[in-house]
Structures are given as C-alpha cells and as structure tokens.
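Please look at the sequence and the structure below, and keep both in view while reading. The report that follows describes how some of the helices are placed against one another.

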Amino acid sequence: MKTRFWLLYVVPITLIILFCAILASGSFLKRPFGTEDRLLASIQSLEKQVQNKQWPEAKSEAEYAMNAWDHIVNRIQFSVERETIYDILGTLARIKGGVAAQDDQALLEEIYYFYALWDNIGD
C-alpha cells in the first residue's frame, strides 16, 4: 500500500514540479556564473568599442562572446526555444563577421537585435 502511494502520487508530482522548474529557469540560467560566461557585458563592451572604432579590441570581444555563448547554451537548452538559440547564434556570427569587415552600422543593428533576443529569454 505504501509503495503504491509513492508510485501513484509522490513520484509523478515530484517529476512534474521538477520539469516545470527546468522549463521556467531560462531567465536564471542565462545569468553569468563565472568569468567565462559574461555574454551581456561582453556585447555591451563590444558596442562601445564599435562606436569608438576600436577594431582589435572588438575582435577579441566578439570571440569572447562566442565562447561565452557556448557556455550559456548548454545551461539553457531545455528552458529556451530552439529557434531563439539559433537566432542568437546567428546574430553572434554576424557580429563576428561585422567586426572582421569593420562595418559599424551593421554591427550596431545586430547588437540591438541581440539585446531584444536576450531580453526575451526566460519570459
């Protein structure tokens, strides 16, 4: 009788609560947990470097942003839509290409698009 109660009520309710917590954790998991995953700060720094036309610094910042995204995507992959993950990856790739081409106008467009995508993670 006790085993049946656990199997019928406690285990399913616990799993449902766990799955809901995972699905709702996107806004928490996108935050930096160390020094290697500060993506938003990196993009904000990149924006300033692009406005000041500091291209060597912008190139290293774009590479850092791609590496930071690799760390973050592993944490948020179950709580964020796959399309959003692909959109952010595409935006970061276009940012990296814009830095290589030193196209400040296109870069600022992509940076602000990234901000919109980033704000929608976890909402």
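An axis here is a line fitted to C-alpha atoms, for a helix over the stretch in contact, and the angle between two axes is taken between their N-to-C directions, running from 0 to 180 degrees. The model shown is a predicted one. Two packed helices are described by the angle between their axes and the distance between the axes.

The table gives these values for two pairs of helices.

| Helix pair | Angle between axes | Distance between axes | Citation |
|---|---|---|---|
| H3 and H4 | about 160 degrees | 9 Å | |
| H5 and H6 | about 160 degrees | 9 Å | |

Because angles over 145 degrees count as roughly antiparallel, H3 and H4 are roughly antiparallel to each other, and H3 passes H4 in a left-handed crossing. On the side of H3 the contact is made by Leu39, Ser42, Ile43, Ser45, Leu46, Gln49 and Val50, while H4 contributes residues including Trp55, Tyr64, Trp69 and Ile72. Sorted by character, the residues of this contact of H3 with H4 comprise twelve nonpolar, three polar and two charged ones.

In the loop between H3 and H4 lies Asn52, which counts as exposed because its relative accessibility is 53%. The C-alpha atom of Asn52 is separated by 9.5 Å from that of Asp104, although the two residues are 52 residues apart along the chain.

Helix H5 covers residues 82-101, and because each of its 20 residues is taken at 1.5 Å, it should span 28 Å, which agrees with the 29 Å between its end C-alpha atoms. Which residues of H5 are buried? They are Thr84, Ile85, Ile88, Gly90, Thr91, Leu92, Ile95, Gly98 and Val99, and what covers them includes helix H3 (39-51), helix H4 (55-76) and helix H6 (104-120). Just after H5 comes Gln102, which takes a positive phi of about 55 degrees.

By the angle given in the table, H5 and H6 are therefore roughly antiparallel to each other, and H5 passes H6 in a left-handed crossing. The contact involves Asp87, Ile88, Thr91, Leu92, Arg94, Ile95, Gly98 and Val99 of H5, together with Leu107, Glu110, Ile111, Tyr113, Phe114 and Leu117 of H6. Nine nonpolar, two polar and three charged residues make up this contact of H5 with H6.

Methods. Residues are numbered from 1 along each chain as its sequence is written. This is a predicted model: local features need pLDDT of at least 70, side-chain atom pairs count only at pLDDT 80 or more; totals for chains, interfaces and linings use all residues. Side-chain values use heavy atoms; hydrogens and water are left out. Helices (H or I, at least four residues) and strands (E, at least two) are DSSP runs, numbered from the N terminus. The expected span of a helix is 1.5 Å times one less than its number of residues. Buried means under 20% relative accessible area, exposed over 50%, partly exposed in between (1.4 Å probe, protein chains only). Contact means heavy atoms within 4.5 Å. Angles under 35 degrees count as roughly parallel, over 145 as roughly antiparallel, 65 to 115 as roughly perpendicular and the rest as oblique. A crossing is left-handed if the near helix is turned anticlockwise from the far one by less than a right angle, and right-handed if clockwise. Ala, Val, Leu, Ile, Met, Phe, Trp, Tyr, Cys and Pro count as nonpolar, Asp, Glu, Lys and Arg as charged, and the others, Gly among them, as polar.
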